[in-house]
Amino acid sequence: MTTTTRPERAPASERLRALIGSGAGIAVAIVTMNVATYGFQMIAARLLGPEQYGGVASLMALLLVVAVVQLGLQATAARRIAATPDHVAQIERSILRVTYRAALAMGLLLLLLAPLVWQLLKLDSIVPALLVAVAAVPLTVMGGQAGILQGERRWLALGLVYLAAGLPRLVLGWAAISVRPTEGAAMAAVALGMWAPVAVGWWALRHGRHPGEDVATNAARPTAREALRASVALLAFFVLSNADIVIARQVLDGHDAGLYAGGLILTKAVLFLPQFVVVVAFPAMSTVAERRRALLRSLAAVLALGVVATAGAVLLSGVAMVFVGGEKYGEVESRLWQFAVLGTFLAILQLLVYSVLARQGSRSVNLVWAAVVALVAGGVFVDSLDGLLLLVLLVDGALFVLLLSFSLWRLKEPVPSDPAAAPDTTPAPAP
């Protein structure tokens, strides 16, 4: 009689650590961060009231624009480390040097612009505008830190950074607004909470790296240039994904513009749902051997999530309406699946833009700006909610086809032997 020995199972703590340190863990961390961010805005809207919350919402929108620099730094750090992992020490020093300078510059710029922000946004005082300048510093620093961790594929540490970016803001925001329901209290919580992910990032990066071979391509100047190009590319996507609501305010009446804004809540949810796919895939898309396969697999994952979300919008439209805004937005319920399709297009476009950054393309970014121009020009001739929605779907769909075609064509060609040096060592940037 033989005895079958069962393999020993790893302790629960080790299994949990392995889960958190995997792609699934990143997905959970990013979803938690987004839910916490949404929760903070819900609490602020309820406790502050429409007048005070309007100011907070406008300041948070301003921080989204500032975050383009953060995302550019993160993409640059992740690409350079993933492309040349033997030079992590030099790349880290260069990235952090550029990051600290950019953070200081953004803080000072917003400090100088604070009086203008105060007047344009019609805030109660200049204090909330000053607090945005304070928040911009750790927000930018987080980008460089997160990019280093992403490039090294240290998913556990990166997941903790994302968690720290969402949960403290929710807790501190609820406490601050409960005690003092003002714009200043809300933004003070945001500014203070932004230091939490910086502290986590510092802790994760506190140990030095092996010096390795020094390389000139990791000097601060080319790193800063690449970060600037990445920020401009992401700014183009940010403008494209938000231009339609501005157009809606101009060409539709107040009622239809409000309905369109309600539908966009679902669009943004579908856009952010597969964000973890981009984070996990980006280092692989930055390497010669993995980039094509990583792009195709990521496209399949994002598309699958979009199909599920669209099906849910059709089959569970009543449930979706609870999050969109309730009965007041009932007229948009039959169109929710179209807003889900729009969110799917934007999620795929976001992935393709990051693919362009990963392979150091630059001309493809012009296609995104061209789509913005087409959207604005076409918006002049729109006079209905359905017409605007159709226009946005057509423009984003056409951009998807063009970007995907260029990306697949470009990935067939040889790439530089030292991708971290591109485009500094190549005659001209690739499309």
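A search of the whole structure turns up one cavity of 30 Å³ or more. This is a predicted model. Start the tour at that cavity.

**Stop 1: the cavity.** How large is the volume of the largest cavity? About 30 Å³. Select Ala 233, Val 353, Val 356, Ser 364, Val 365, Val 368 and Leu 403, which line the largest cavity. Two elements each give two or more residues to this lining: helix H13 (336–358) and helix H14 (363–379). Which of them gives the largest share? H14 does, with three residues. Now colour the lining by residue type. Six of the lining residues are nonpolar, one is polar and none is charged.

**Stop 2: helix H8.** Select residues 220–251. This is helix H8, with 32 residues. At 1.5 Å a residue, H8 should span 46 Å. Its end C-alpha atoms lie 45 Å apart, so the two values agree. Next, centre on Asn 242. Here H8 bends by about 40°.

**Stop 3: confidence.** Colour the chain by pLDDT. The average over the chain is 81, and 84% of the residues score at least 70. Where is confidence lowest, and where is it highest? Select residues 12–20, helix H1, for the lowest, at a mean of 54. Then select residues 195–204, helix H7, for the highest, at 94.

**Stop 4: a low-scoring stretch.** Finish with residues 415–431. Throughout this stretch, pLDDT stays under 50. The model still has 37 contacts beyond four places in sequence for these residues.

Technical notes. Residues numbered from 1 in each chain as written. Predicted model: local features only at pLDDT ≥ 70, side-chain atom pairs only at ≥ 80, totals over all residues. Heavy atoms only, no water. 1 Å grid on protein atoms, 1.4 Å probe; cavity = no way out; pocket = protein on both sides within 12 Å on 5 of 7 lines; lining within 4 Å. Points joined across faces, edges and corners; volume = space filled by probe spheres on them. Helix = DSSP H or I, 4+ residues; strand = E, 2+ residues; numbered from the N terminus. Nonpolar A, V, L, I, M, F, W, Y, C, P; charged D, E, K, R; others polar. Expected span 1.5 Å × (residues − 1). Bend = angle between axes of the 7 residues up to and from the residue. pLDDT = per-residue confidence, 0-100. Contact = heavy atoms within 4.5 Å.
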